[in-house]
Amino acid sequence: MIKPSHEPHSNLIKFTMLLAGAVLLLMMIIGLLMRAAQGDLIEIDAAIFYQLMTAHGAGMVGAASLTGAAIMWYFVSRYVHLVQEVFVVFLTLFLFGVLFILGSISLGQFGAGWTFLFPLPAISGGAWETGAAAAFIIGLILIGVGFLLMNLEIGRKLISTFDGIGGALAWPVISGKVAPDDAPPPAIVASMATIIFNTIGIVVGAAVLVSSLINLYVPSFEVDALLAKNMIYFFGHVFINATIYMAVVAVYEIIPEYTGKPWKTSRIFAIAWSAILLFVMAVYPHHLLQDTVMPAWALIMGQIVSYLSGIPLLTVTAFSLCVYLRGSNIKWDLASALLVLGVAGWSVGVVPAIIDGMISVNKIMHNTQWVPGHFHIYLLLGEVAMSFGFMAYLIKEAKSSEFQMIDKTAFGVYLAGGIGFTLMFLVSGAMSVPRRWAVHAEEWMLQDRIATAFALLVIVGALIFVARYIIGIATYRRT
Amino acid sequence: MIDGKMKLLISSLIFTFCVLSKGALEKLPLTHILVQLPLLICVGYLLVEDKSQKIGEWYIGGEWNKGGYASLLIAIFTIAFWMLPRSIDAAISSGTMELLKFLTVPLLIGVPLKLGWHRTHPILKGFLKAQAISMLGVAAFIYIHAPIRICNSYLENAQQDLGYGFLYTSIALAVIWSAPLFLSQSAKSFHLQILRG
């Protein structure tokens, strides 16, 4: 079993997680405001609502990707020597990207949603100027370049250390040439797979972003709308999925410290991650099931791969986690509880996606709140829970390892809030309440108001997590 | 391994071919941009031999080109110039520009690439490759969807063919550059690159 042999870049990662934690809180507050506005509890101008929605979407995707990147970098750097400066460049580009995006929204009133779907950024109906849309797109490009550099640094080190991409993906274990004991650790296999599909996604994303930029200033250069949508959703789907695939590395690395049983790269594990590599890229047409001009084979592929996508996750990570936890006498604390919650949320969150990935269901549900129901479970109770778990792990030594009452309370409040909040989306979706509407009908407001209350609980829980983290870091600095 | 003299011979043959087939290759933008120009880059690339340079260490490994940045910048700016449709038009309509193309593409793209590429940090190499793939996609979009004739010398349908050529080149480069990384053998050479980088 390959063991960690390097010191991770702890201070840099702690700082990154602090930034991400602050952004997550801010974005949660924006989410709360939107739900409150939909429930008519507060009044927000419709134009501002869409700006908030764009900020919330871009901010949450950004924060999730930042935490995922930090987690992956931290754990990979325990196995191979990574050049810290690359992460600094990544973070700098990321923050500049965020500045551009926030500027485009706050100063330029850009409100086309984080998916920048063609031709909306160019046809604002006077709601925002071309410059605002361009700033948003440039911001995304800067973030993409940052990620590309980070992926290249991790990728080249994994390729050189583990004998090619195949080696890092543990293909010799699949073929039986190498025993699981000598295989790369799960963190490496997961990181390699994620880097491949995320890099491909970024390259495709860069092409469509620059094309959109040209279209903004020279509208006669019209992007093929269907091609643009395919490219955007390929990029978007891959990018947001990569966040959780990066974050799950924390589970593979941290949980064994609690159970005392190493998480090994078994043959099934290696096969599953190679399957994930293909599925993540092949499944994106399930975002386009309502585009009837799409080739039928692509839509059918989207539906079938949607079914298949859940299998590696559920069998490999969720099932394995249950096996590792069973009889392990794990000593629960905030970090372990949140990481396990992350896997549970991820596993549950995938179910509404599989349901909505069916063409017959999608026809009715796609533009309802069912979809935010899916991705809020996936993120709030999945990726973000893992990230908070990682933050708790980073400061573990600074405080008592006991699962203190304040931690238990915060965890309980966050869990209850998260379940209630996401359930309201699903209930609303099942009742055909449309998504992305600033103004709701009277009949839909009950769920909005209940969701607002649950959102408040989520924020209270998250606030305690972040506060504990800041106190933990401060304690470290003092000692 | 091909030795220096052989490389010089191949380089001369390619150059001669480019000169002799000028009319045929420049008839269509597809062959002009995606056949003639890459061949001219190869001419320059093959001109430089790693070890047997009379000019010496300064030329190949001097401080002036540390990290390969200086020569890469020369190559990138020259590529940018020859990417402009206006430059391509001028090369067809003006003998001077044509001559300039035959001189600058090998000497200011091919040679600098050879001088700088092996000194370039692997991350920068990866970035430039990713950039090339995605921007070929963008060029494909521009040439396929342009509402006007971009080059006065070529017809609109010919420029669309070039657009598709960019697209297929982008896909081909993505495969060519990434496929070897899956093989352990190439990973070893990649490792050497890292040590050198």
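Helices here are DSSP runs of H or I with at least four residues, numbered from the N terminus.

**View 1. Chain A of the predicted model, just past helix 4.** Right after helix 4 ends, A:Asp163 adopts a positive phi, at about 65 degrees.

**View 2. Helix 4 of chain A, end to end.** This helix has 32 residues, and from its first C-alpha to its last it covers 46 Å. At 1.5 Å a residue you'd expect 46 Å, so the rise is close to what the rule gives. As for its surroundings, 27 of the 32 residues are buried, so the rest of the structure largely encloses helix 4 of chain A.

**View 3. Where chain A touches chain B.** Chain A puts 25 residues into the contact, and chain B puts in 23. On the chain A side, helix 4 (130–161), helix 5 (164–168) and helix 7 (186–217) each chip in at least two residues. Sort that side of chain A by residue type and you get 13 nonpolar, seven polar and five charged.

**View 4. The whole of chain A, for context.** Chain A has 15 helices and zero strands. Its C-alpha trace spans about 60 × 45 × 45 Å along the principal axes. A compact globule of 479 residues would have a radius of gyration near 23 Å, and chain A comes in at 22 Å, which agrees.

**View 5. Packing inside chain A.** Of the 479 residues in chain A, 56% are buried. Take the contacts between residues at least 6 apart in sequence: 84% of them join residues at least 24 apart.

How values were computed
Residues numbered from 1 in each chain as written. Chains lettered and ligands numbered in written order. Predicted model: local features only at pLDDT ≥ 70, side-chain atom pairs only at ≥ 80, totals over all residues. Contact = placed C-beta atoms within 7 Å. Nonpolar A, V, L, I, M, F, W, Y, C, P; charged D, E, K, R; others polar. Buried ≥ 20, exposed ≤ 12 C-beta atoms within 10 Å, placed from the backbone. Rg over C-alpha atoms; globule rule 2.2 N^0.38 Å.
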